[in-house]
Structures are given as C-alpha cells and as structure tokens.
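Here are a few short exercises to work through with the structure on your screen. Try each task yourself before you read its solution.

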Amino acid sequence: MILPVRQIVQEMAAERLRLGLTILAVAWATLCITSMLAVGEGLRQGVTRAAQSGNGNLIYLTGGMATMSNGTFHQGQALKIHSEDAEVIAALPWVKRALSTARWDERLSVGDRTSWGDPYAVSQDYQAMTGLELLPGGRWFNPLDVGQRRKVIVLGYSKAAHLFNPEQEGSWFSSVKLQVDPVGKTLKLGKEEFVVIGVLKKSSASVEQGYPVDNVAFVPFETWRRFHSAGDIFAINIEPMPGADRLRLVDTLRQVIARKYGASPNDPNVVQVKDRFLEQKSMQSFLVGLQGFLGIIGFVTLAVAGLGIANVMYATVKRSTKDIGVRMAVGATPTAIRWHYILQSMLTMMMGGGLGILLTLTLVEGISRLDFSGNSIYESLGEPIPELSWLVVAIVIVTLMVVGMAAAWLPAHRAAKVTPLEALQSE
C-alpha cells in the first residue's frame, strides 16, 4: 500500500489556516499535559527525597502503654525502654545496627535567647545512619568527645540562626539565614555550658518523631549519660539489613521487647514500632494520584484539540470527495483511503506535539534556573524542580498518537465509504 504523501501535503496546505490554528491548539494542549506531568514528577521526587532523608528509611521503636495484663505487667502500665535494648535488637539477624536516642530535658539559651525543643542525645554513628551533612568548618562527634564525655553540641541550621544571629528575621514564607559562624562559641543547656562544634546543612529531612532537622540539636549520648545516669532513653532507631522482610522484622521487634519486660507480645500498644519507609508508601501513592490527576486535566485539553483535528479532517474529506472517488475508480482500496487521512491527522499531531514539547523543555529549563532558596514552603517540599523525564515524554507521545488516531477515525471511515457515483454527484 503506497500512500500519496505529496497529495497529503497539498491537502494540508489547502487547509493551512484551519490546520495552523489546530496545530497551535495541539501545541498548547501538549504544553499543558507535559508541563503538568513534569511538575507532578518534580513534586513527587522532591517530597520523596525529603521523606527518605533523616530517619525516613529507618524503623523507629519507643515504649508504649499496656492495654492488656500479662503476668506482673498490668494493664495501663507504661513500658520504658533502656539503652541495653538497642544491643538486644542489634543482635537480631535482620538488623544492621540499632542506636539509642535520649532527650535532654533542658532548654538551650544564648544570653537572653531561649530555644524550644529538647536536644537529642545520640551516638557517634547516628550521622552515618541518618545521612546528616554539616556546613564547612564544623564536625560531628569524634571518639574523644564520646570517651571523655565532652560537653559539645551540633545545631540544626535554623536553631543556630535563632540562637546566634545578631538580628532576628524571617517570615512565614521565608526561611532564616545564618549570619554568623557559631562553631567554637558557647551556649547553655540548662545550667551547663556547651561548645558548638558543628552546624547541619539546611535540610527538609526529619528525624525521630518527625522533627525537622533544621530545628534540632544533638549532644553525645555518653555526655547525656554523664548527667542522667539513671535516665530512660527516648527511642531506638533501627537500620534493617538490605533485603530484610521489614513487616516481619517490625513484628519480631515488638515481640522481643515485650517479652523482655514481661508484657504481652500480643499487645499492639505496649511497644510502639513504626517503619518510616513503609509509611512513605501511602504518601507516594497520593503523589502518584496527584500526578495522574494533573495528567488527566492535560489529556482533556488535548482531547479538545483533537476535536479541532476532526473538524479539519471532515472539511478536507468533503472538499476532496471527487479526488477520493477518482482514486477509488482507478483501484485505490478503502484501507488506503482510510490510512491516507489517518496519516494526515498523525502529521498534524506530530507538528503540534513537537512544538508543545519544545515549549515545555524551554519552560522547564527556565524554571530550573530560578532561585527559590529562602522560601520555606519550597524547602520543606524537598526543593522540587519540574522534570521532563523520558517516561513523561513517552506518555505524552502515546497520548498524542491515541488522540490523533481517534480524531481521524470517523472522517477517515467516511472517506473510505465514498463511491465513484457519490464523487460525480458531489459536483
């Protein structure tokens, strides 16, 4: 089957005004669907990146309250975990490491400034487990800090700015900027003086029970133990082995700790175990749904453009009825006639779609060059940037083909049913 490409181009040129407007409509619709999918993809990746930072990939264990009695452990009794529980958990075959976290129940202050939020007491390996990064010039706890129980502290970015900036600034929509280097300076934790040894980089990550990294402070766990020899720890962060059955591990952790303290292993509330990684699945499902919703809006716009293509095809078929009849009289098959107009529709979609994708690339590139740093909402979402991935482009191309085929089918089917008699009568 040979399609007369030259004739297709001539027919398209004859309808250049309508066709030009239709191509612009397709380009606009393609820009809409592509940019919406790109924005959705960027937002999904940004939020996922923020959620998986900090302790987002860890299992978080805390004590709970018994809802059923078991032996000497009675209903309503609180279960308090201890640092040796982390050693018990670390010995399990599916656990890579388990680290204790405690809270220092005192306020940080510099002069007359006081910061809310108790500092966390963590071990030296906590940074490697959570992937926290420090600003240049600072450091994390070292073996000497731990061994000598030094009074040193690492501050989150916003907390450092709140305590040490000469002037307080910022608003609901702008994040604070650290104006001085607090490393080497002292502050008070309760009545004790601590030396700042590091400041964490700005981050949208969270740690412990979802507390933002920018607003936390960390001290060595052994230093906390020096002042709280009989204190109970707050939680245990657990890093599973790669490929571990996380659901089964969560159930095992709950049973191990419950049995250790004589509580009922069937009590779901006596030990609180949350897998941060599995909790992200519901959020990711929501983001995928949002991306799909944005894509549907763009698809509707593209479908409207498809109606314009159908109108152009109907006008072309009506004007070319005589030519169709002549071609069929000399041997052209209905299939050849049908594909003639389907190809014409697909060419229109390709021109409009190509223009729309080019405009989207320009738009995405322009947005990526904009500086949104300092916007608290943007930073909390993981600094998302619209991303025109190959998957997005493939979805758009397939959508263009489907809409183009659907728009041309009825006009092409009508053209395929034209008879030589109808062609003569059309004059």
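**Exercise 1: a helix under cover**

Keep in mind that this is a predicted model. Find out how many of the residues of α6 are buried, and which strands they pack against.

*Solution.*
Step 1. Go through the helix one residue at a time: seven of the eight residues of α6 are buried, and the helix is mostly covered.
Step 2. Name them: the buried ones are Y157, S158, K159, A160, A161, L163 and F164.
Step 3. Look at what surrounds them. These buried residues pack against β3, β4, β6, β7, β8 and β11.

**Exercise 2: is K159 buried or exposed?**

Decide whether K159 is buried or exposed, and list its contacts beyond its sequence neighbours.

*Solution.*
Step 1. Locate the residue: K159 is part of helix α6, which spans residues 157–164.
Step 2. Compare its value with the cut-off. Buried means under 20% relative accessible area, and K159 has 3%, so K159 is buried.
Step 3. List the contacts. Setting aside neighbours within four places in sequence, K159 touches L108, S115, W116, G117, D214, N215, V216 and A217.

**Exercise 3: follow the contact to A217**

Place A217 in its element, classify it, and say which residues it contacts.

*Solution.*
Step 1. A217 sits in strand β11.
Step 2. The relative accessibility of A217 is 1%, so this residue counts as buried.
Step 3. Beyond four places in sequence, A217 is in contact with L108, P119, Y120, I153, V154, L155 and K159.
Step 4. Now compare chain and space: A217 and D118 are 99 residues apart along the chain, yet their C-alpha atoms are separated by 7.7 Å.
Step 5. Widen the view to the protein chain. Among contacts between residues at least 6 apart in sequence, 76% join residues at least 24 apart.

**Exercise 4: the two faces of β7**

Sort the residues of β7 by face, then find the strands with which β7 pairs.

*Solution.*
Step 1. Recall a general rule: in a regular strand, side chains alternate between the two faces of the sheet.
Step 2. Apply it here. L187 and L189 make up the covered face of β7, while T186 and K188 make up the uncovered one.
Step 3. Check one side: β3 and β7 pair in the antiparallel sense over two bridges, and S109 stands opposite K188.
Step 4. Check the other partner: β7 and β8 are also antiparallel, with four bridges, and L189 has E192 of β8 as its bridge partner.
Step 5. Look at the turn. β7 and β8 form a hairpin with two residues between them, and G190 in that turn has a positive phi of about 70 degrees.

**Exercise 5: a nonpolar patch on the surface**

Which residues make the nonpolar surface patch, and which helix gives the largest share?

*Solution.*
Step 1. Collect the members: L17, L21, L24, L355, L358, L359 and L361 make a patch of about 680 Å².
Step 2. Assign helices. Both α2 (16–52) and α11 (334–368) supply at least two residues each, and α11 gives the largest share, with four.
Step 3. Test one member: L17 lies in α2, and with 65% relative accessibility L17 counts as exposed, because exposed means over 50%.
Step 4. Set this beside the protein chain, which exposes about 21600 Å², with 60% of that supplied by carbon and sulfur atoms.

Key
Residues are numbered from 1 along each chain as its sequence is written. This is a predicted model: local features need pLDDT of at least 70, side-chain atom pairs count only at pLDDT 80 or more; totals for chains, interfaces and linings use all residues. Side-chain values use heavy atoms; hydrogens and water are left out. Buried means under 20% relative accessible area, exposed over 50%, partly exposed in between (1.4 Å probe, protein chains only). Contact means heavy atoms within 4.5 Å. Patches are made of residues with over 30% relative accessible area and no salt bridge: like charges are joined within 9 Å, nonpolar side chains (Val, Leu, Ile, Met, Phe, Trp, Tyr) within 5 Å. Accessible areas come from the Shrake-Rupley method with a 1.4 Å probe; for residues, only the protein chains shown count as cover. A salt bridge is a side-chain nitrogen of Lys or Arg within 4 Å of a carboxyl oxygen of Asp or Glu. Two strands pair if DSSP finds at least two bridges between them.
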